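This report describes one protein chain from its parts to its overall build. Please keep the sequence and the 3D structure in view while reading.

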Amino acid sequence: MATHYCAHGDVSAFMQVDAFADGGSATTPTQAQVETFINMAEERVDQLTDHAWNTNRAKSVTDERVRIQRVRSNVVNLRGRMQLRHYPILAFSQHATPSLAQTNGNVKLWTGGGYTDYLDSDNGKTMGTSVTDVVSKNFWSDAERGTIYIDNYSTFNMVNSSPAGVDAYVSYKYATASTPDDIKLATIYFTAAIIVANDDLNISQTTEGSMDNRTKSEKFEEMGMKILKDHHRIDRSMAMARAIGGFGTGMVTP
């Protein structure tokens, strides 16, 4: 079973026990069981932090409602930007009549008679690769900051004409590309807490004057939470993102 924030070897090294194994030399718990525990810990970290900490665990947001912040007037039309609630995001790409898997999302802007997907190359919209391209392309996205820049859109289309006042709907995937060290350590602590909480495993033997398994489990749990709080991974403040992005009420799925 694939794990992404830490490996079973990290857990056995932390707990100072022999390497977990399957098959004829299977340990208790087995390697497969420990990897299941790691997956459970990874999911818990994702839920606590409202984020994904490895591209392989990227989360998907479907149709987040977004408003466009107007940046500059082009006399009749405007340049603007949209701020997504979650970031970094996986880079967008364009395809003809695309699927979400091909483009990593949709960028659908109200154009007066309907919403136009800028990631559908059949719609004739051009995508830049840097912020300087906004003057020659229709749009560009800053994946690290979760910001989408729009070169030119009609004020007539935007003012009081879009359904429910929603300028755009954006679907996207988000994750930090590689797992930070504090997320790795918190995952190790949470996994170890699951293992030692099971007294039947007898994997963490107690000696006179040492903590019993229940106390160790509680301490590991406490340390995992402390790491996330100390590094401000819980209750992250994104006031600016919400202010620019508007509603930010897309459906999030793993």
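The description begins with a single residue, Asp46, which is placed in helix α2. The model examined here is a predicted one. Is Asp46 buried or exposed? With a relative accessible area of 4%, Asp46 is buried, because the limit for a buried residue is under 20%. Two polar contacts involve its side chain: one with the side chain of Tyr5, at 2.5 Å, and one with the side chain of Lys59, at 3.2 Å. When neighbours within four places in sequence are set aside, the residues in contact with Asp46 are Tyr5, His51, Ala52, Trp53, Arg57 and Lys59.

**The nonpolar cores**

Helix α2 also takes part in the largest nonpolar core, which has 29 residues. Within this core, Val11 and Ile195 have the most contacts. At least two of its residues come from each of α1 (8-15), α2 (31-49), α5 (181-196) and α6 (213-230). Helix α5 gives the most, with nine residues. There is also a second, separate core of 18 residues, and Val66, Leu119, Phe139 and Ala168 are among them.

**Helix α6**

How does the length of α6 agree with its number of residues? The helix has 18 residues, which at 1.5 Å a residue should span 26 Å; the C-alpha atoms at its ends are 25 Å apart, so the two values agree. The buried residues of α6 are Asn213, Lys216, Ser217, Phe220, Gly224, Met225, Ile227 and Leu228. An α-helix has 3.6 residues a turn, so residues three or four places apart point the same way. The cover over the buried residues of α6 includes α1, α2 and α5. After α6 comes His232, which has a positive phi near 55°.

**Particular backbone geometry**

Two peptide bonds in the model are described as cis, and they are listed below with their omega values.

| Residues joined | Omega | Place of the proline |
|---|---|---|
| Thr28 and Pro29 | about 0° | Pro29: loop between α1 and α2 |
| Tyr87 and Pro88 | about 0° | Pro88: loop between β3 (77-83) and α3 (100-103) |

Positive phi values also occur at Asp63 and Asn104, neither of which is a glycine. At Asp63 the angle is about 50°, and this residue is found in strand β1, which covers residues 59-66. Asp63 has a relative accessible area of 29% and is therefore partly exposed. At Asn104 the angle is about 65°; this residue lies in the loop between α3 and β4 (105-110). Asn104 counts as buried because its relative accessibility is 17%.

**The chain as a whole**

The protein chain has seven helices and nine strands. Of its 254 residues, 44% count as buried. The chain exposes about 12,800 Å², and carbon and sulfur atoms supply 49% of this area. Among contacts with a separation of 6 or more, 70% are between residues 24 or more positions apart.

Finally, the confidence of the prediction should be stated. The mean pLDDT of the chain is 84, and 79% of its residues reach 70 or more. Over residues 238-250, however, the pLDDT is below 50. Beyond near neighbours in sequence, this stretch has 28 contacts in the model.

Methods. Residues numbered from 1 in each chain as written. Predicted model: local features only at pLDDT ≥ 70, side-chain atom pairs only at ≥ 80, totals over all residues. Heavy atoms only, no water. Core = buried A, V, L, I, M, F, W, Y, C linked by side-chain atoms within 4.5 Å. Buried < 20%, exposed > 50% of the residue type's maximum accessible area, 1.4 Å probe, protein only. Helix = DSSP H or I, 4+ residues; strand = E, 2+ residues; numbered from the N terminus. pLDDT = per-residue confidence, 0-100. Contact = heavy atoms within 4.5 Å. Polar contact = N/O pair within 3.5 Å; in protein donor to acceptor, adjacent residues only side chain to side chain. Areas by Shrake-Rupley, 256 points an atom, 1.4 Å probe, with all protein chains shown as cover. Expected span 1.5 Å × (residues − 1).
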